[in-house]
Each structure stands twice: as C-alpha cells, then as structure tokens.
There are 2 protein chains.
Amino acid sequence: MKISVIITLKKDVLDPQGKVIHQTLDGMGFEDVNEVRQGKYFEIDTKETDNDKAKAKVEEMCKKLLANLVIENYKIIDPK
Amino acid sequence: MKISVIITLKKDVLDPQGKVIHQTLDGMGFEDVNEVRQGKYFEIDTKETDNDKAKAKVEEMCKKLLANLVIENYKIIDPK
C-alpha cells in the first residue's frame, strides 16, 4: 500500500527557498503571486495492507524521522 | 487562491535520497517498507480567484520553472 505524506513548514517559519521561487516567478512575468511555500513530499510503499495500520505506521515515521515537528507539520494523504 | 503542486521523479528515474530514507527507516526498525520516493511540494497563493484560471497559471509555472519535465512529473491538487 502506498501512503503519501506532505511535510510543510509551519505558518510562522520563514521559507527563504519559497521566497526565491516567488521572486523568480515574478521576474518571469508571473506577477499575480502572493506567496510561495515549499515543502517535501514522500511516497512510502509499505507491505502493510490495512489502511489504518499503514497510516499509523507512516505517522510514526513522520514523528521519528521525516518531519521536524518543531518547525514542520505533516499531513498524511489517504490512498485512493 | 491557494494551489498546491506535487512534483515527483518519473517512475524510472533513480531516487537516491528516497533510498537513503528507506535504509534509515529500515535501520530504525521500520522493516515492512518496500520503497520510499521523495518529491517536492509547492503551495502557491495567487491573486487569481477563478479556479480554472489559477490552475492553468500554476501549470504554466510548473512547465517553465518548477518541474524538470525530462525527469519529473507534476500534479496539481484541487483546492478545497
């Protein structure tokens, strides 16, 4: 089962990379952008076949390795 | 309007970063993982209020800047 996770910086944490992308887009003529925030995306393919168990496992991975909970949030996306 | 984009490596492109994360998870005791693939995530806040127009704009950004279409795919996520 494939579980996807999106990890984003918390709202109040500065995102210099997103800012640079915003400036670049601006310079390319995309002038109606208010803000760009960059995050990370993981697709984890587990042997677990039970949806809830797989999600619980991935949540544990987020807490222990993938996300820095001091400055980041994670969101687990339901598999379709 | 906030539009989200996920950029992933194409299926046949090697993902060394994902592989290292996989090995690390394995070493931490998460042994039922088959594969980990890492991607990028962008949240673009545009002044555009029309859903379709905003998505078209973001698609153009993906093609011109955010994604390298030789090795990456992009997926625009519908705003809720």
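User: What makes a residue count as charged in the lining of the second largest pocket?

Analyst: Asp, Glu, Lys and Arg count as charged. In this predicted model, the lining of the second largest pocket divides into three nonpolar, three polar and seven charged residues. Of the 13 lining residues, Leu9(A), Lys11(A), Arg37(A), Lys2(B) and Glu43(B) are the closest to the centre of the pocket. Because Lys, Arg and Glu belong to the charged class, Lys11(A), Arg37(A), Lys2(B) and Glu43(B) are charged, whereas Leu9(A) is nonpolar.

User: How do you know which elements build the lining of the second largest pocket?

Analyst: Three strands each supply at least two residues of the lining: E1 (2-9) and E2 (33-46) of chain A, and E2 (33-46) of chain B. E2(B) gives the most, with four residues. The pocket that these strands line has a volume of about 210 Å³.

User: What makes chain A and chain B partners in a contact, and how many residues does each give?

Analyst: The cut-off is heavy atoms within 4.5 Å, and 31 residues from chain A and 31 residues from chain B take part in the contact. The area buried between the two chains is about 3,000 Å², with carbon and sulfur atoms giving 65% of that area. On the side of chain A, Phe30(A), Asp32(A) and Tyr41(A) lose the most area to chain B, together 21% of what that side buries.

User: Which kinds of polar pairing are counted between chain A and chain B?

Analyst: Ten residue pairs are in polar contact, with both residues at pLDDT 80 or more. The count of salt bridges between the chains is zero. A salt bridge requires a side-chain nitrogen of Lys or Arg within 4 Å of a carboxyl oxygen of Asp or Glu, so no counted pair between chain A and chain B meets that criterion.

User: Which elements of chain A form the side that touches chain B?

Analyst: E1, helix H1 (16-27), E2 and helix H2 (51-66) of chain A give two or more residues to that side. E2(A) provides the largest share, 14 residues. By class, this side of chain A divides into 13 nonpolar, six polar and twelve charged residues.

Technical notes:
Residues numbered from 1 in each chain as written. Chains lettered and ligands numbered in written order. Predicted model: local features only at pLDDT ≥ 70, side-chain atom pairs only at ≥ 80, totals over all residues. Heavy atoms only, no water. 1 Å grid on protein atoms, 1.4 Å probe; cavity = no way out; pocket = protein on both sides within 12 Å on 5 of 7 lines; lining within 4 Å. Points joined across faces, edges and corners; volume = space filled by probe spheres on them. Buried area = accessible area lost by both parts, 1.4 Å probe. Polar contact = N/O pair within 3.5 Å; in protein donor to acceptor, adjacent residues only side chain to side chain.
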